Amino acid sequence: MMKEIILTVERQVKERLWQEESGHDWHHIDRVRNLAILLAKEEGADREIAELAALLHDLPDEKMSQDRSLSLSEIALWLKELNVTEQANDHVCRILSTISFKGTGASVPLTLEGRIVQDADRLDAIGAIGTARAFLYAGSKGHSLHAEESVPRENMTKEEYRLQPSTAISHFYEKLLKLKSLMNTDAAKVMAEERHAFMLTFLDQFYKEWKEAGNITHKE
Ligand code: ADP
Ligand code: NI
């Protein structure tokens, strides 16, 4: 029963988000779903709830265009029509309402399944794929790669941070490098280590090449 429901949801989400441009394309959803299933197995959580919530997790995102997004009440109605039990429906919608809360990263879902979907989404935002997504996003918004004046300063206030122009590199300090310590589950903490280390290596190399090019002088 739940298997069929998940297949139906998968098919429709795929159709809706196939060529989404703001970093919430179907492939992101599919990776988050697979990571959520893996974490659910390792943490002993309800796999079907985690999978269903992962498939639906970006639909209520306010960054998504009107014709692709679905509000929480539309999702609840859809699940009801698919004969999802009231308990499972409430659980999934509660997960979506906590993880779609943007901004501070301070929102922690109440249930293990919710914490798992949040971790899965965050794992896909870091590492090589997370790095690629950040540049894809920055490109879609016309941001530059990096700006000297936004070289990260220690102890920047929120206000100082906001005043600086957003660049792909500054997003690492704004969000990506913070995600490792925000992971909820032990399984995700372990997976985050390697992905975090890759981003540090990437940034080192980026600055090295940036500096090298900046130091080249052309004597006549
Ligand atoms: P999620 O759906 O994982 O909660 P977001 O909706 O915040 O993530 O963003 C989607 C993707 O775009 C993520 O990989 C995120 O890191 C990236 N992104 C968001 N804001 C920026 C930004 N200002 N610069 C670069 N990348 C960004
Ligand atoms: Ni997401």
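Let's start at the nickel ion (ligand 2) in this predicted model: the site of this ion is irregular, and the angles among its four donor atoms run from 80 to 165 degrees. Why doesn't that count as tetrahedral? Because a tetrahedral site needs all angles between 85 and 135 degrees, and the range here is 80 to 165 degrees.

So who holds the metal? The protein donors are two histidines, His-28 and His-57, each using NE2, plus two aspartates, Asp-58 and Asp-121, each using OD. They sit 2.1 to 2.5 Å from the nickel ion. Follow the chain and you'll find these donors spaced as H-x28-H-D-x62-D. Take His-28 and Asp-58 as a pair: His-28 belongs to helix H2 (residues 26-43), while Asp-58 is in the loop between helix H3 (47-56) and helix H4 (72-81), so the two tie together parts that are 30 residues apart in sequence. Are these two residues buried or exposed? His-28 is buried, with a relative accessible area of 1%, and Asp-58 is buried too, at 2% relative accessibility.

Now step back to the protein chain as a whole. It has ten helices and zero strands, so if you read along the sequence you just get α-α-α-α-α-α-α-α-α-α. Of the 220 residues in the chain, 45% are buried. Look at contacts with a separation of 6 or more, and 65% of them join residues 24 or more positions apart. As for the outside, the accessible surface of the protein chain is about 12600 Å², with 53% of that belonging to carbon and sulfur atoms.

Terms used:
Residues are numbered from 1 along each chain as its sequence is written. Chains are lettered from A and ligands numbered from 1 in the order in which they are written. This is a predicted model: local features need pLDDT of at least 70, side-chain atom pairs count only at pLDDT 80 or more; totals for chains, interfaces and linings use all residues. Side-chain values use heavy atoms; hydrogens and water are left out. Donors are N, O and S atoms within 2.8 Å of the metal (3.2 Å for Na, K and Ca); water is not among the atoms, so sites may look incomplete. Four donors count as tetrahedral if all angles lie between 85 and 135 degrees; four count as square planar and six as octahedral if opposite donors are over 155 degrees apart and all others between 65 and 115; anything else is irregular. Helices (H or I, at least four residues) and strands (E, at least two) are DSSP runs, numbered from the N terminus. Buried means under 20% relative accessible area, exposed over 50%, partly exposed in between (1.4 Å probe, protein chains only). Contact means heavy atoms within 4.5 Å. Accessible areas come from the Shrake-Rupley method with a 1.4 Å probe; for residues, only the protein chains shown count as cover.
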